[in-house]
Amino acid sequence: MSVARNTEISATSTTSFEDAIKQGLARATKTLRNVRSAWIKEQEVTLEGDQIAVYKVVMVVTFVLDD
């Protein structure tokens with residue numbers, strides 16, 4: 001029997017949200033087996049003056065545990 005679990009993964013990038021998402025998904029697939037889906041829970045930017053310094057995403061990743 002398979003059991004689905006959720007976990008949160010956060011990632012940051014200095015270039016774009018897309019890069020942060022790619023980094024988070026890469027981390028999820030390296031550390032979790034059987035990743036089934038992921039969705040963005042939060043997005044955040046950190047500013048330095050008038051410029052964006054860091055893009056951050058928090059994703060909820062669903063993975064399956066096999067017996």
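**Close-up views of a predicted β-α-β-β model**

The protein exposes about 4800 Å², and carbon and sulfur atoms supply 48% of that area. The model shown here is predicted. The legends below start with the whole chain and then move to single residues.

**Figure 1. The whole chain has one helix and three strands.**
Follow the sequence from its start and the pattern reads β-α-β-β. What box do the C-alpha atoms fill? Along the principal axes, the box is roughly 55 × 20 × 10 Å. The radius of gyration is 14 Å, whereas a compact globule of 67 residues would have one near 11 Å. Of the 67 residues, 27% count as buried. Many contacts reach across the sequence: among those between residues at least 6 apart, 64% join residues at least 24 apart.

**Figure 2. Strand β3 pairs with β1 and with β2.**
How many bridges join β1 to β3? There are 12, and the two strands run antiparallel. One place to look is Asn6, which stands opposite Thr62 in β3. Now turn to the pairing of β2 with β3. Strand β2 covers residues 35–48, and 12 bridges join it to β3. These two strands also run antiparallel. Val35 stands opposite Phe63 in β3. Leu47 has Ile52 of β3 as its bridge partner. As background, the side chains of a regular strand alternate between the two faces of the sheet.

**Figure 3. A hairpin connects β2 and β3.**
How many residues sit between the strands of this hairpin? There are two. Find Gly49 in the hairpin: Gly49 takes a positive phi near 65 degrees. On the strand β2 side, look for Leu47. Its bridge partner, Ile52, lies in β3.

**Figure 4. Asn34 lies in the loop between α1 and β2.**
Asn34 is not a glycine, although its phi is positive, at about 60 degrees. Is Asn34 buried or partly exposed? Its relative accessibility is 31%, so Asn34 counts as partly exposed. The next residue to find is Val35, which stands opposite Phe63 in β3.

**Figure 5. Ser2 and Asp66 come together in space, C-alpha to C-alpha, at 4.6 Å.**
How many residues apart are Ser2 and Asp66 in sequence? They are 64 residues apart. Ser2 lies in strand β1. Leaving out residues up to four places away in sequence, Ser2 touches Val64, Leu65 and Asp66. Ser2 has a relative accessible area of 47%, so this residue is partly exposed.

**Figure 6. Ser13 is a buried residue of strand β1.**
Strand β1 spans residues 2–13, and Ser13 is found in this strand. Why does Ser13 count as buried? Its relative accessibility is 6%, and buried means under 20%. Look next at the side chain of Ser13. With the side chain of Thr15, it makes a polar contact at 3.0 Å. The Ser13 side chain also reaches the backbone nitrogen of Ser16, at 3.5 Å. Which residues does Ser13 contact when neighbours within four places in sequence are left aside? They are Asp19, Ala20, Gln23, Ala53, Val54 and Tyr55.

**Figure 7. The model has one aromatic pair.**
The pair is formed by Phe17 and Tyr55, with ring centres 5.0 Å apart. Why is the pair called edge-to-face? The ring planes stand at 75 degrees, so the pair is edge-to-face; the cut-off for that label is over 60. Where do the two residues lie? Phe17 is in helix α1, which covers residues 17–31, and Tyr55 is in strand β3, which covers residues 51–66. The pair links distant parts of the chain, 38 residues apart. Phe17 has 22% relative accessibility and so counts as partly exposed. Tyr55 has 15% relative accessibility and therefore counts as buried. Tyr55 appears in Figure 6 too, among the residues in contact with Ser13.

How values were computed: Residues numbered from 1 in each chain as written. Predicted model: local features only at pLDDT ≥ 70, side-chain atom pairs only at ≥ 80, totals over all residues. Heavy atoms only, no water. Helix = DSSP H or I, 4+ residues; strand = E, 2+ residues; numbered from the N terminus. Buried < 20%, exposed > 50% of the residue type's maximum accessible area, 1.4 Å probe, protein only. Polar contact = N/O pair within 3.5 Å; in protein donor to acceptor, adjacent residues only side chain to side chain. Contact = heavy atoms within 4.5 Å. Phe/Tyr/Trp six-rings, centres within 6.5 Å; stacked < 30°, edge-to-face > 60°. Rg over C-alpha atoms; globule rule 2.2 N^0.38 Å. Areas by Shrake-Rupley, 256 points an atom, 1.4 Å probe, with all protein chains shown as cover. Pairing = 2+ DSSP bridges.
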